[in-house]
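Work through the exercises below with the sequence and the model side by side, attempting each task before reading its solution.

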Amino acid sequence: SGLNSGIWFPIRHEGETYAVVELLGHPYSSSNGKFLHELATLGSELGKRFYNVRKEINPDPPPFNATD
């Protein structure tokens, strides 16, 4: 398949991690600061969305626990 590298980044909001995204592909430079910043921004924006959807479903949710 030719996939021989990967990167993982968290989906977070206000200190809570909701998920981890795994991207597999061809080699890339992990020292590219702009790329890493964009991944962090993406993770933060997705985390805000996860948080908002969770609040819509349950306006007073208990703290998120990844082991549940």
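**Exercise 1. Check the length of helix 1 against its expected span.**

Solution. Helix 1 comprises 25 residues, residues 33-57, where helices (H or I, at least four residues) and strands (E, at least two) are DSSP runs numbered from the N terminus. The expected span of a helix is 1.5 Å times one less than its number of residues, so the 25 residues should span 36 Å, and the end C-alpha atoms of helix 1 are indeed 36 Å apart, which agrees. The model is a predicted one, in which local features need pLDDT of at least 70 and side-chain atom pairs count only at pLDDT 80 or more, whereas totals for chains, interfaces and linings use all residues. Residues are numbered from 1 along each chain as its sequence is written, and side-chain values use heavy atoms, with hydrogens and water left out.

**Exercise 2. Place helix 1 among the elements of the protein, and state which of its residues are buried and what they pack against.**

Solution. The protein has one helix and two strands, and from the N terminus on these elements run β-β-α. The buried residues of helix 1 are Leu39, Gly43, Gly47 and Arg54, with buried meaning under 20% relative accessible area, exposed over 50%, and partly exposed in between (1.4 Å probe, protein chains only). These buried residues pack against strand 1 (5-13) and strand 2 (16-25). Across the 68 residues of the protein, 16% count as buried.

**Exercise 3. Describe how strand 1 and strand 2 are joined, and examine glutamate 14 in the turn.**

Solution. Strand 1 and strand 2 run antiparallel and are joined by nine bridges; two strands pair if DSSP finds at least two bridges between them. Two cross-strand positions can be checked individually: arginine 12 has threonine 17 of strand 2 as its bridge partner, and phenylalanine 9 stands opposite valine 21 in strand 2. The two strands form a hairpin with two residues between them, and glutamate 14 is found in that loop. Most residues other than glycine have a negative phi. Phi of glutamate 14, by contrast, is near 50°, a positive value in a residue other than glycine. Glutamate 14 counts as exposed because its relative accessible area is 66%.

**Exercise 4. Identify the residues of the largest nonpolar core, and follow isoleucine 11 outward from it.**

Solution. The largest nonpolar core is made up of five residues, Ile7, Phe9, Ile11, Tyr18 and Leu39, a nonpolar core being a set of buried Ala, Val, Leu, Ile, Met, Phe, Trp, Tyr and Cys residues joined through side-chain atoms within 4.5 Å. Strand 1 gives the most to this core, with three residues. Isoleucine 11, which lies in strand 1, counts as buried because its relative accessibility is 1%. Leaving aside neighbours within four places in sequence, isoleucine 11 is in contact (heavy atoms within 4.5 Å) with residues including Tyr18, Val21, Gly43, Gly47 and Phe50. The C-alpha atoms of isoleucine 11 and phenylalanine 50 are separated by 8.4 Å, although the two residues are 39 residues apart along the chain.

**Exercise 5. Characterise the one aromatic pair that the structure holds.**

Solution. The structure holds one aromatic pair, formed by tyrosine 18 and phenylalanine 50, with 6.0 Å centre to centre and 45° between the planes, and it is tilted. Rings of Phe, Tyr and Trp (its six-membered ring) pair if their centres lie within 6.5 Å, and planes under 30 degrees apart count as stacked, over 60 as edge-to-face and the rest as tilted. The pair links distant parts of the chain, with tyrosine 18 in strand 2 and phenylalanine 50 in helix 1, 32 residues apart. Tyrosine 18 is buried at 12% relative accessibility, whereas phenylalanine 50 is partly exposed, with a relative accessible area of 38%.

**Exercise 6. Which residues does histidine 13 contact, leaving aside its neighbours within four places in sequence?**

Solution. Histidine 13 lies in strand 1 and is buried, with a relative accessible area of 15%. With those neighbours left aside, histidine 13 is in contact with Tyr18, Gly47, Lys48 and Tyr51.
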